[in-house]
Amino acid sequence: MEPYAREALAAVTTRALPPYRTLTVERITPVLGAEVSGVDLAQEIPAEQLEEIRTAFLHHHVLVFRDQAISIEDHKRFAAAFGELRPVNPPPPEADPYILEISTTSAAVNVAGNGWHADGTADAEPSLGSMLYITEVPEPGCGGDTLFANMHLAYEMLSPAMRSLLDQLTAVHDGAQALQGYTPPADYVIPLSEHPLVARHPETGRKLLYVNKAYTSRIPQLSAQESQALLGMLFETIAARPALHCRVHWTPHTLVFWDNRCVQHHATYDYYPYARYGRRVAINGGPVKG
């Protein structure tokens, strides 16, 4: 590992941990993710505890809450504490417009999210975060984990020369790319947006790499060949660098809340022919700034 990459990794792993009075927060890895206990998401959360959850969220980016028996209204109430609820797009017919059902049947050949991505980055205003609540998991020992990757660290571990180049660029995010193989509703307007390739987190100000294989199609400042080569390198860096990752093993009635602005995830489909079921609520957070 190059010295600049070691320095970036050390800066993240040796950060002081925030103190907590009302929660227990245990890291999954030093770079990403934490398990949170001592909170009941089925109840109205006290202001102090909610503020500590917000602190943990900004520090760890992925929070895991286990053994939570929550209703759809509980789920939406918790999400609404962090921002405006984000409607599902395209909207589900004759269903709650804020609930995306995550359902894998035993006959599924593939599943949505089986690849590194961030949710909805083709939209003009990407989401703040997502809360996924899983109630049915594959049989024990049959897979279904979700991988997460830290996009702050993905940027910080690049060489100074590469960071300097990327700082000047933008990237086009195309919803049609993520829909390959699917037929959207006839009235669905496929989103297309251009964002800074290196963005700043709107709350912490930290820089992050803002490209993902599902949606990012090209870098308009480069030739097609240059764009393809550079994006391919960045996508491979995210997928092939375990130092960026944490892994969440699902158990029934687990809710995971991740920061969609600085985290990518990969819903690993390694449990065929078993089933999984859950529901996701997303939160609006405005565009990520360059």
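**Local geometry, nonpolar cores and cavities of the predicted model**

With a relative accessibility of 37%, H253 is classed as partly exposed. This residue belongs to the predicted model and sits in the loop that runs between β13 (245-248) and β14. The backbone of H253 has a positive phi, near 70°, although the residue is not glycine. A positive phi is also found at E94, where the value is near 55° and the residue is again other than glycine. E94 is placed in the loop between β4 and β5. Its relative accessible area is 85%, and because exposed residues are those over 50%, E94 is classed as exposed.

The loop between β4 and β5 also holds P90 and P97. The peptide bond that joins N89 to P90 is cis, with omega at about 0°. P97 is partly exposed, at 39% relative accessibility. Apart from residues up to four places away in sequence, P97 makes contact with P87, V88 and P92. Between P97 and A214, which are separated by 117 residues in sequence, the C-alpha to C-alpha distance is 23 Å. A cis peptide bond is likewise present between Y272 and P273, here with omega at about 10°. P273 lies in the loop connecting β15 (263-267) and β16.

Turning to the interior, the largest nonpolar core comprises 45 residues, and F148, L166, L197 and L209 have the most contacts inside it. The greatest contribution to this core is made by helix α7 (residues 224-240), which supplies 5 residues. A second core, separate from the largest, contains 27 residues, among them V36, I70, L128 and V281. When residues up to four places away in sequence are set aside, the contacts of L209 are with M151, A154, Y155, L166, L197, L234 and I238.

Helix α7 also contains S227. The relative accessible area of S227 is 4%; as this is under the 20% limit, S227 counts as buried. Beyond its neighbours within four places in sequence, S227 contacts R218, I219 and L222.

Burial was also examined in helix α3 (residues 72-80), in which D74, H75, K76, F78 and A79 are buried. The elements covering these buried residues include the helix α2 (47-60) and the strands β3 (62-65), β4 (85-86), β6 (127-136), β14 (254-259) and β16 (276-284).

Cysteine residues were considered next. A disulfide is a covalent bond that links the sulfur atoms of two cysteines. The count of disulfides in the model is 0. C262 takes part in no disulfide, and the nearest cysteine sulfur, belonging to C246, is 11 Å away. Since a disulfide requires two cysteine sulfur atoms within 2.5 Å, this distance of 11 Å leaves C262 without a partner. C262 is buried, with a relative accessibility of 0%. C142 is buried as well, at 17% relative accessibility, a value that falls under the 20% limit.

A search for enclosed space over the whole structure gives 3 cavities of 30 Å³ or more. The largest cavity holds about 60 Å³ of space. Its lining consists of A118, T121, M151, H173, L209, Y210, V211, N212, N260, R261, V263 and Q264. By class, these lining residues comprise 6 nonpolar, 5 polar and 1 charged. L209 thus appears in two settings: among the residues with the most contacts inside the largest nonpolar core, and in the lining of the largest cavity. M151, a further lining residue of this cavity, is one of the contacts of L209.

The second largest cavity contains about 50 Å³ of space. Residues V12, R15, L17, R27, T29, P30, V31, L32, G33, H59 and H60 line the second largest cavity. This lining divides into 5 nonpolar, 4 polar and 2 charged residues. Among the lining residues are H59 and H60, and the range of helix α2, given as 47-60, is one of the elements that cover the buried residues of α3.

How values were computed
Residues numbered from 1 in each chain as written. Predicted model: local features only at pLDDT ≥ 70, side-chain atom pairs only at ≥ 80, totals over all residues. Heavy atoms only, no water. 1 Å grid on protein atoms, 1.4 Å probe; cavity = no way out; pocket = protein on both sides within 12 Å on 5 of 7 lines; lining within 4 Å. Points joined across faces, edges and corners; volume = space filled by probe spheres on them. Nonpolar A, V, L, I, M, F, W, Y, C, P; charged D, E, K, R; others polar. Core = buried A, V, L, I, M, F, W, Y, C linked by side-chain atoms within 4.5 Å. Buried < 20%, exposed > 50% of the residue type's maximum accessible area, 1.4 Å probe, protein only. Helix = DSSP H or I, 4+ residues; strand = E, 2+ residues; numbered from the N terminus. Contact = heavy atoms within 4.5 Å.
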